[in-house]
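Here are my notes for your review. Please read them with the model open.

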Amino acid sequence: MTPLPPALNGFAAASLPVGLLCLPPLGVVFAVVALVQIARKGDRGRALAVMGLVVSLAMSAALVYATGRYADPFFRRLGSERARQYVDGRLTDMRDLRPGDCFNVPGGDLLAGHTIAYKTGCEAVHHAEVTSSGRMDDSAFPNPERLKQKATAACWKAQDAYAMDSWAVPDYAEMYYFAPSRESWRSGDRRLMCVIGTATKEHRGSLRNDEGTLKPDQVTFLRAMNGVDQAMGREPETDVDGALAEYRTWAREVETALGGEARMLETASKARPEVAAPATARIREIEAARREWRRAASATTPDRFQEAWDRALETVTVDSEKALRGAYGLSTDVPPWQRPGPGDMGGGSGKGPSSKGPSSERV
């Protein structure tokens with residue numbers, strides 16, 4: 001009678017496919033069990049068990065590496081997303097926010113293109129405050145550069161009307177806008193929402209100081225001052241050497257705005273004795289600056305324009321504006337954009353759309 005060959009060990013047979021295709025650590029266990037049983041019972045499959053052990057160990061090592069390389073960042077992101085879900089306020093569609101509303105966004109990221117916000121009272125810590133909300137009048141979706149220019153100009157104008165005393169706006173506050181994307185435009189979205197963002201600090205309280213909260217004489221003063229700031233902010237973006245005609249036009253706009261400020265101060269100095277002294281000093285500076293802006297507007301070369309421009313900026317000082325603001329009972333805390341930089345002799349670079357804050361497109 002012919003003796004039967006030893007049986008193939010089942011664990012040895014299973015160790016290779018389990019280690020290769022299913023669960024490598026289990027393949028290691030199967031291979032070790034197989035080797036022990038083969039040594040004790042004399043089963044066949046030792047080479048198969050050894051191969052299963054080697055493959056299972058290699059696959060286990062690869063699994064450990066992959067877990068450390070990919071799973072850990074995934075779970076960190078997952079934890080971050082879960083944390084971001086807990087935001088103070090009432091869940092609100094961005095389209096339902098109105099001027100004066102304060103809100104939070106996940107993570108405080110106002111550039112993330114959110115479609116929802118968490119509306120909260122302005123007395124609580126919040127990330128942003130709406131200054132205006134309206135429809136864009138373009139018949140077709142504007143190109144990105146035009147969209148940015150229109151939104152930026154509109155939102156600075158809105159902020160100057162909403163927070164008229166720009167010196168009272170904290171250093172960390174920035175202008176943001178939420179505009180339609182190309183995709184949302186196709187579905188009828190035309191809304192442009194402007195906000196003051198304060199996400200970098202724990203900010204409480206509304207920044208609103210407009211015609212409804214200020215005294216009439218303060219409104220008149222600030223409207224004239226902001227008009228000059230807005231004109232200064234329309235400085236052409238190209239270099240004066242390549243756009244002299246644009247700069248000359250801009251110089252005329254600034255000169256006109258300064259003329260409006262001078263006329264306002266002349267009227268105020270007659271009606272309010274406490275304003276007379278600082279107003280007179282300011283008017284002298286303004287008239288000297290206007291002469292330089294007129295020279296700039298008629299300059300025939302970029303060098304002559306630059307010379308007149310530099311003299312005009314040196315003529316009007318921050319100190320004269322600070323004295324006037326004090327007389328009007330407004331903030332006298334000079335903001336960063338009005339502080340002279342290295343080499344400046346005048347009142348800083350001025351405030352305007354070309355020098356301020358970021359934006360956000362709503363998707």
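The numbered points below cover strands, salt bridges and surface patches.

1. Status of the model. This is a predicted model. Please keep that in mind for every contact listed here.

2. Strand β3, first partner. Strand β1 (residues 90–93) pairs with strand β3 (residues 116–120). The two run antiparallel, and four bridges join them. One residue pair to look at is arginine 90, whose bridge partner in β3 is lysine 119.

3. Strand β3, second partner. Strand β2 (residues 102–104) is also antiparallel to β3, with three bridges between them. Which residue of β3 is the bridge partner of phenylalanine 103? It is lysine 119. Lysine 119 thus appears in both pairings: with arginine 90 and with phenylalanine 103.

4. Strands β5 and β6. Strand β5 (residues 174–180) is mostly covered. Six of its seven residues are buried. Five bridges link β5 to strand β6 (residues 191–197), and the strands run antiparallel. Within this pairing, tyrosine 176 stands opposite valine 195 of β6. As background, side chains in a regular strand alternate between the two faces of the sheet.

5. Salt bridges overall. How many salt bridges does the structure hold? The count is 19. In general, side chains of opposite charge can pair when their charged atoms come close. Three of the bridges are taken up in the next points.

6. Aspartate 93 and arginine 95. These two form a salt bridge, with 2.9 Å between the closest N and O atoms. Aspartate 93 has a relative accessible area of 26%, so it counts as partly exposed. Arginine 95 reaches 52%, which makes it exposed, because the cut-off for that class is over 50%.

7. Glutamate 255 and arginine 290. Here the closest N and O atoms are 2.8 Å apart, again in a salt bridge. Glutamate 255 sits in helix α7 (residues 244–271) and arginine 290 in helix α8 (residues 273–297), so the bridge ties together parts that are 35 residues apart in sequence. Are the partners buried or exposed? Both glutamate 255 and arginine 290 are buried.

8. Arginine 325 and glutamate 321. Their side chains meet in a salt bridge at 3.1 Å, N to O. Both residues belong to helix α10 (residues 318–327). They are four residues apart, about one turn of the helix. Arginine 325 is buried, and glutamate 321 is buried too. The pair is part of a network: Asp165, Glu261, Arg282, Glu321 and Arg325 are joined by salt bridges that share partners.

9. Negative patch. Asp239, Asp241, Asp303, Glu307, Asp310 and Glu314 make up a negative patch on the surface. Glutamate 307 is placed in helix α9 (residues 302–315). Its relative accessibility is 45%, so glutamate 307 is classed as partly exposed.

10. Nonpolar patch. Which residues form the nonpolar patch on the surface? They are Leu23, Leu26 and Val29, with about 240 Å² of accessible area together. Leucine 23 lies in the loop between α1 (10–22) and α2 (24–41). With a relative accessible area of 45%, leucine 23 is partly exposed.

Note on methods. Residues numbered from 1 in each chain as written. Predicted model: local features only at pLDDT ≥ 70, side-chain atom pairs only at ≥ 80, totals over all residues. Heavy atoms only, no water. Patch = residues over 30% accessible without salt bridge, like charges linked within 9 Å, V, L, I, M, F, W, Y side chains within 5 Å. Areas by Shrake-Rupley, 256 points an atom, 1.4 Å probe, with all protein chains shown as cover. Salt bridge = Lys/Arg side-chain N within 4 Å of Asp/Glu carboxyl O. Lys, Arg positive; Asp, Glu negative; His and termini not counted. Charge placed at Lys NZ, Arg CZ, Asp CG, Glu CD. Buried < 20%, exposed > 50% of the residue type's maximum accessible area, 1.4 Å probe, protein only. Pairing = 2+ DSSP bridges.
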